[in-house]
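Biologist: Please take a close look at one part of this protein, the aromatic pairs and the core around them, and set that part in the context of the whole chain.

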Amino acid sequence: MEQTVEILQYTLRKGSGAAFHTIMQEISVPLHRRHRIDVVSFGNSLHDPDCYYLIRAFDSAESMAAVLDAFYASDDWRSGPRENIIRSIETSIKTVSCLPSESVEGLRV
C-alpha cells in the first residue's frame, strides 16, 4: 500500500532552532496527533540546528488536503503555536510524494 508523504523543510531564523524544536515537540506535534495527523518524523537537521524538517503521512493527496485544511483552520492551531512557528521560519520548502508504507515506516524516529 502507498501513502502520500509530505516533507517540509524549514530554514529558521538564526539561533532559533532549539526553541523551535521545543515548540514542535511540546505543542505542535501533540496538536497534530490530536487532529489525527500522522507525524512520521521531525527535528533539527544534522548539518545546521537552524534547519528543520517535518514529515507527515496521509492516505491520499485528497485526504492530505482535507485534513490539513481543517487543521490549519482550527482554533487549536490559530490560537496555539501558529504565531511562534510562523515567526521562526525564514523559508519553507514542501515536497509531496507517494511512498510504500514500508518506506514510511522506515522514516519513523
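Modeller: I start with a tyrosine at the margin of burial. In this predicted model, Tyr72 has a relative accessibility of 30%, so it counts as partly exposed, since buried means under 20% and exposed over 50%. Trp77, at 7%, falls under the 20% limit and therefore counts as buried. Tyr72 and Trp77 form an aromatic pair, with 5.3 Å from centre to centre and 75 degrees between the planes, an edge-to-face arrangement.

That pair is one of six aromatic pairs found in a search of the whole structure. Another joins Phe20 and Tyr52: the ring centres are 4.8 Å apart and the planes stand at 75 degrees, so this pair is edge-to-face. It links distant parts of the chain, with Phe20 in helix α1 and Tyr52 in strand β3, 32 residues apart. Phe20 and Tyr52 are both buried. Ring pairs also gather Tyr10, Phe20, Tyr52 and Tyr53 into a cluster.

Now the core. The largest nonpolar core has 19 residues, and Tyr10, Phe20 and Tyr52 are among those with the most contacts inside it, along with Met24, Phe42, Leu54 and Ile85. At least two residues of this core come from each of β1, α1, β2 (38–44), β3 and α2. Helix α1 gives the largest share, five residues. Leu54 shows how these parts meet: leaving aside residues up to four places away in sequence, Leu54 touches Glu6, Ile7, Leu8, Tyr10, Met24, His32, Val39, Ser41 and Phe42. Apart from the largest core lies another one of five residues, including Val5, Val40, Ala57 and Val104.

Helix α2 deserves its own paragraph. It covers residues 61–73, 13 in number, and reaches 18 Å from first C-alpha to last, close to the 18 Å expected at 1.5 Å a residue. Its buried residues are Met64, Leu68 and Phe71. Viewed down the axis of α2, these buried residues fall within an arc of 60 degrees, so they line one face of the helix. The face turned away from that buried side carries the exposed residues Glu62, Asp69 and Ala73. The cover over the buried residues of α2 includes β1 (2–12), α1 (17–34), β3 (51–58), α3 (75–78) and β4 (89–100).

As for the whole chain, the protein has five helices and four strands. From the N terminus, the order of elements is β-α-β-β-α-α-α-β-α. The radius of gyration is 14 Å, close to the 13 Å that the globule rule gives for 109 residues, so the protein is as compact as a globular protein of that length. The C-alpha trace spans about 40 × 35 × 20 Å along its principal axes. Of the 109 residues, 37% are buried. Among contacts with a separation of 6 or more, 74% are between residues 24 or more positions apart. The Phe20 and Tyr52 pair, 32 residues apart, is one link between distant parts of the chain.

Notes:
Residues are numbered from 1 along each chain as its sequence is written. This is a predicted model: local features need pLDDT of at least 70, side-chain atom pairs count only at pLDDT 80 or more; totals for chains, interfaces and linings use all residues. Side-chain values use heavy atoms; hydrogens and water are left out. The expected span of a helix is 1.5 Å times one less than its number of residues. Buried means under 20% relative accessible area, exposed over 50%, partly exposed in between (1.4 Å probe, protein chains only). The arc is that of the directions from the helix axis to the C-beta atoms. Contact means heavy atoms within 4.5 Å. A nonpolar core is a set of buried Ala, Val, Leu, Ile, Met, Phe, Trp, Tyr and Cys residues joined through side-chain atoms within 4.5 Å. Rings of Phe, Tyr and Trp (its six-membered ring) pair if their centres lie within 6.5 Å; planes under 30 degrees apart count as stacked, over 60 as edge-to-face and the rest as tilted. The radius of gyration is taken over C-alpha atoms; the globule rule is 2.2 Å times the number of residues to the power 0.38.
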